[in-house]
Structures are given as C-alpha cells and as structure tokens.
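Thank you all for making the time this morning. I would like to walk through the aromatic and nonpolar side chains of one model, and I will take questions as we go.

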Amino acid sequence: ATLLSLICLVLAYVALEHRYHHCMLAQGGTWAFFNVILPSVLIHPALVSRQMAMMTYFFSFLQGFLALGFKVDTAWWLKWYTVIFFAPVAAFFGIHYVFTGSFAFTVVFFGPIVLWFSLWTLAAKRVLVWTKEIKS
C-alpha cells in the first residue's frame with residue numbers, strides 16, 4: 001500500500017507536469033522549476049500516514065505473537081522495520097533538502113517566524129509567572 005501510494009503520487013505529478021509544462025517556469029533546461037519539489041512527495045501526508053499505519057499493523061502483529069506466548073523482542077523488530085522502511089525515504093529527502101539549498105530557504109524565511117513566536121511564548125510565560133508571584 002505504501003509503495004502503491006508513492007507510485008500514484010509520482011504518476012499524478014508526472015501527469016500534472018505533462019499537462020501544464022508549457023506554462024511552468026523553466027530552470028536551466030527543460031526541467032520545470034516545480035520539479036525541484038518532487039522529492040517532497042516523500043513526506044506527503046498520504047504517504048506518511050500509510051507508513052505509520054503499516055508500522056501500527058506490524059506492531060499489532062508482534063503483539064499477537066506475544067499474546068500467543070512467543071518470546072518476541074518488539075523493540076528490536078520495530079527498530080529494524082523503521083530502518084528498512086523509513087530510513088531510505090528520510091535519507092533521500094534529507095540529502096535532497098541539503099543539496100538543493102532548501103535548508104537555506106527554510107532558515108532564512110521560516111527561522112525568523114519560529115524565533116518570533118518562541119519569543120512571544122517566552123514573554124507570555126514570564127507574564128504568567130509574574131502575575132502568579134504578585135498574587136502570592
């Protein structure tokens with residue numbers, strides 16, 4: 001199901017690019033600028049939710065063995081399941097994230113937003129602590 005979901009997402013994007021390639025912004029050659037985000041399909045909620053569902057099913061399967069009295073190291077099996085099914089996707093997306101410069105975009109544009117709201121959260125906490133001290 002997970003592999004089929006990934007294939008469907010990629011094919012849907014290929015159909016989109018084939019249909020609207022004439023109006024997409026070109027980058028260097030014939031590749032559209034929109035193709036740069038194609039690997040983000042790997043963290044699309046449709047794929048990630050299916051991966052998590054499969055991990056839940058696998059965990060339930062292991063619990064069934066435990067209920068039957070078999071000695072199963074659940075943590076070991078889940079670790080290897082994660083290494084086999086999650087690590088390649090995460091590694092590919094991480095490598096793409098670094099080598100395309102997406103990390104720079106994230107730090108420059110989203111970093112200040114996170115910092116801004118973190119500072120406001122800390123200020124609100126200080127105000128709450130201060131009002132609690134006044135009441136005491």
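**Aromatic pairs, cores and a surface patch**

Let me begin with F85, which has a relative accessible area of 47% and is therefore partly exposed. Please keep in mind throughout that this is a predicted model.

F85 shares helix α3, which covers residues 74–85, with Y81, and the two are four residues apart, about one turn of the helix. Y81 has a relative accessibility of 11%, and because buried means under 20%, Y81 counts as buried.

How, then, are the rings of Y81 and F85 placed: stacked, tilted or edge-to-face? Their centres lie 4.6 Å apart and their planes meet at 40°, so this pair is classed as tilted. The two residues also belong, together with F58, to one aromatic cluster.

Over the model, the count of aromatic pairs comes to seven. Another of these joins F65 and F70, whose ring centres are 5.6 Å apart and whose planes stand at 85°, so that this pair is edge-to-face. Both partners count as partly exposed, F65 because its relative accessibility is 30% and F70 because its value is 48%.

Now to the nonpolar cores. Which residues make up the largest nonpolar core? There are seven of them, namely M55, F58, L62, V72, L78, Y81 and F86. Helix α2, residues 45–67, and helix α3 each supply at least two residues of this core, and α2 gives the most, with three.

Y81 is a useful place to look at this core in the viewer, since, if we leave aside its neighbours within four places in sequence, Y81 is in contact with M54, M55, F58 and F86. There is also a second, separate core of five residues, and among its members are L9, L42, L47 and V89. As general background, nonpolar side chains in soluble globular proteins tend to be buried together.

Finally, I would ask you to turn to the surface, where a nonpolar patch of about 1000 Å² is made by F105, V107, V108, F109, F110, I113, W116, F117 and W120. Taking one of these residues as an example, V107 lies in helix α5, which runs over residues 102–135. Is V107 buried or exposed? Its relative accessibility is 57%, and since exposed means over 50%, V107 counts as exposed.

Key
Residues are numbered from 1 along each chain as its sequence is written. This is a predicted model: local features need pLDDT of at least 70, side-chain atom pairs count only at pLDDT 80 or more; totals for chains, interfaces and linings use all residues. Side-chain values use heavy atoms; hydrogens and water are left out. Rings of Phe, Tyr and Trp (its six-membered ring) pair if their centres lie within 6.5 Å; planes under 30 degrees apart count as stacked, over 60 as edge-to-face and the rest as tilted. Buried means under 20% relative accessible area, exposed over 50%, partly exposed in between (1.4 Å probe, protein chains only). A nonpolar core is a set of buried Ala, Val, Leu, Ile, Met, Phe, Trp, Tyr and Cys residues joined through side-chain atoms within 4.5 Å. Contact means heavy atoms within 4.5 Å. Patches are made of residues with over 30% relative accessible area and no salt bridge: like charges are joined within 9 Å, nonpolar side chains (Val, Leu, Ile, Met, Phe, Trp, Tyr) within 5 Å. Accessible areas come from the Shrake-Rupley method with a 1.4 Å probe; for residues, only the protein chains shown count as cover. A salt bridge is a side-chain nitrogen of Lys or Arg within 4 Å of a carboxyl oxygen of Asp or Glu.
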